[in-house]
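Work through the exercises below with the sequence and the structure open. Each task is followed by a solution in steps.

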Amino acid sequence: MDISAQPAAARILLIEDDDRLAQLVADALEKANYVVTHCGDGLAGEALMRQESFDLVLLDGHLPGKDGFDVLRDTRRDFAGRIVMLTARDDDIDQVLGLEGGADDYITKPVAPRVLLARIKALLRRDALPAAQPVGETLHFGPLTLLPQSRELRVNGEPVPLTTAEYELLNFLAHRAGQVVSRDDIMQGLRGLEFDGLDRAIDARISRLRKKIGDDAQAPARIKTVRGQGYLFAID
């Protein structure tokens with residue numbers, strides 16, 4: 001289902017095998033002037049991600065042809081746009097798999113249209129910031145180097161691949177080094193949304209970042225958890 005809209009509208013690929021849900025989601029997105037392409041099969045959806053240009057992909061976790069989490073794993077490093085997982089309500093395993101696999105966000109089913117649109121707009125809004133905006137200076141913390149110009153992390157001089165969401169979170173914390181930052185601060189700063197107390201995206205991403213920078217998961221020295229308050233990016 002390819003639906004044309006204004007040329008400047010963001011393109012969204014919806015990979016969902018529930019046709020009724022897909023139609024509801026597509027209708028909501030089209031009313032918000034997004035261009036929607038729907039696919040109900042994991043293999044076909046992955047092929048579209050590789051062949052065409054999309055700003056964002058809504059990806060169901062469990063699909064015929066190829067599982068959605070396998071699609072995420074096999075496309076995350078090459079796909080330049082945002083990937084949002086659609087997961088079953090109360091299924092924490094799906095949420096953790098999606099976030100640890102590099103998804104930029106997850107949305108539980110059934111999907112509330114206003115929530116869906118708010119989450120999508122928050123993700124795409126950050127991508128639409130003018131390229132001419134100052135990107136800041138290179139940040140150094142011991143073996144860690146953050147290069148804003150290329151949105152790159154290096155550890156001991158070696159580049160470490162990060163998803164867009166991982167880089168943004170690390171950059172947000174690094175620019176507030178030495179300060180305790182709450183989950184609500186992070187949600188407001190990165191998404192423009194309030195933390196609902198249940199969203200596990202931040203915690204999952206922190207876990208992935210610790211692994212990538214070599215921080216001890218049991219006793220982290222760089223990204224510390226401050227119980228009941230949030231996270232602290234430690235200064236050397």
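How much space lies in the second largest cavity? The model is predicted, and the exercises apply to that model.

**Exercise 1. The second largest cavity**

Task: give the volume of the second largest cavity, then describe its lining by residue, element and class.

Solution.
1. Start with the count: there are two cavities of 30 Å³ or more.
2. The second largest cavity holds about 40 Å³ of space.
3. Its lining is made of Leu139, Phe141, Leu144, Thr145, Leu146, Leu153, Leu170, Ala174 and Phe233.
4. Assign these residues to elements. Strand 6, strand 7 (144-147) and helix 6 (164-174) each give two or more residues to the lining. Strand 7 supplies the largest share, with three residues.
5. Sort the lining by class: eight residues are nonpolar, one is polar and none is charged.

**Exercise 2. An aromatic pair**

Task: find the aromatic pair and classify its geometry.

Solution.
1. The model has one aromatic pair.
2. The ring centres of Phe141 and Phe233 are 4.8 Å apart, and the ring planes meet at 75 degrees. Planes over 60 degrees apart count as edge-to-face, so this pair is edge-to-face.
3. Place the partners in the chain. Phe141 belongs to strand 6 (residues 139-141) and Phe233 to strand 12 (residues 230-233), so the pair ties together parts that lie 92 residues apart in sequence.
4. Check burial against the cut-off of under 20% relative accessible area. Phe141, at 11%, is buried, and Phe233, at 2%, is buried too.
5. Return to Exercise 1: Phe141 and Phe233 are among the lining residues of the second largest cavity.

**Exercise 3. Two residues of helix 3**

Task: are Val71 and Thr75 buried or exposed, and which residues do they contact beyond their neighbours within four places in sequence?

Solution.
1. Locate them. Val71 lies in helix 3, and Thr75 lies in that helix, which covers residues 68-75.
2. Read the accessibility. Val71 has a relative accessible area of 0% and is buried. Thr75, at 2%, is also buried.
3. List the contacts of Val71, leaving aside neighbours within four places: Gly42, Glu46, Met49, Leu59 and Lys66.
4. Do the same for Thr75, again without neighbours within four places: Glu46, Met49, Arg50 and Ile83.
5. Compare the lists. Glu46 and Met49 appear in both.
6. Add one distance: Val71 and Gly61 are 10 residues apart along the chain, and their C-alpha atoms are separated by 9.0 Å.

**Exercise 4. Surroundings of Phe172**

Task: what sits over the ring of Phe172, and how far is Asp185 from Phe172, C-alpha to C-alpha?

Solution.
1. The charged end of Arg176 sits over the Phe172 ring, 3.6 Å from the ring centre.
2. Asp185 is 13 residues from Phe172 in sequence, and their C-alpha atoms are 9.9 Å apart in space.
3. Asp185 is found in helix 7 (residues 183-191). With a relative accessibility of 39%, Asp185 is partly exposed.

**Exercise 5. Backbone features in loops**

Task: describe the peptide bond from Lys109 to Pro110, and the phi angles of Asn33 and Arg151.

Solution.
1. The bond from Lys109 to Pro110 is cis, with omega near -5 degrees. Pro110 sits in the loop between strand 5 (105-109) and helix 5 (113-127).
2. Asn33 is not a glycine, yet its phi is positive, at about 70 degrees. Asn33 is in the loop that separates helix 1 (19-31) from strand 2 (35-39). Its relative accessible area of 42% makes Asn33 partly exposed.
3. Arg151, likewise not a glycine, has a positive phi of about 50 degrees. Arg151 lies in the loop between strand 7 and strand 8 (152-155). At 43% relative accessible area, Arg151 is partly exposed.

**Exercise 6. The protein as a whole**

Task: how many helices and strands are there, and what share of the residues is buried?

Solution.
1. The secondary structure comprises eight helices and 12 strands.
2. Of the 236 residues, 48% are buried.
3. Among contacts with a separation of 6 or more, 58% join residues 24 or more positions apart.

Note on methods: Residues numbered from 1 in each chain as written. Predicted model: local features only at pLDDT ≥ 70, side-chain atom pairs only at ≥ 80, totals over all residues. Heavy atoms only, no water. Phe/Tyr/Trp six-rings, centres within 6.5 Å; stacked < 30°, edge-to-face > 60°. Helix = DSSP H or I, 4+ residues; strand = E, 2+ residues; numbered from the N terminus. Buried < 20%, exposed > 50% of the residue type's maximum accessible area, 1.4 Å probe, protein only. Lys NZ or Arg CZ within 6 Å of the ring centre and 35° of its normal. Contact = heavy atoms within 4.5 Å. 1 Å grid on protein atoms, 1.4 Å probe; cavity = no way out; pocket = protein on both sides within 12 Å on 5 of 7 lines; lining within 4 Å. Points joined across faces, edges and corners; volume = space filled by probe spheres on them. Nonpolar A, V, L, I, M, F, W, Y, C, P; charged D, E, K, R; others polar.
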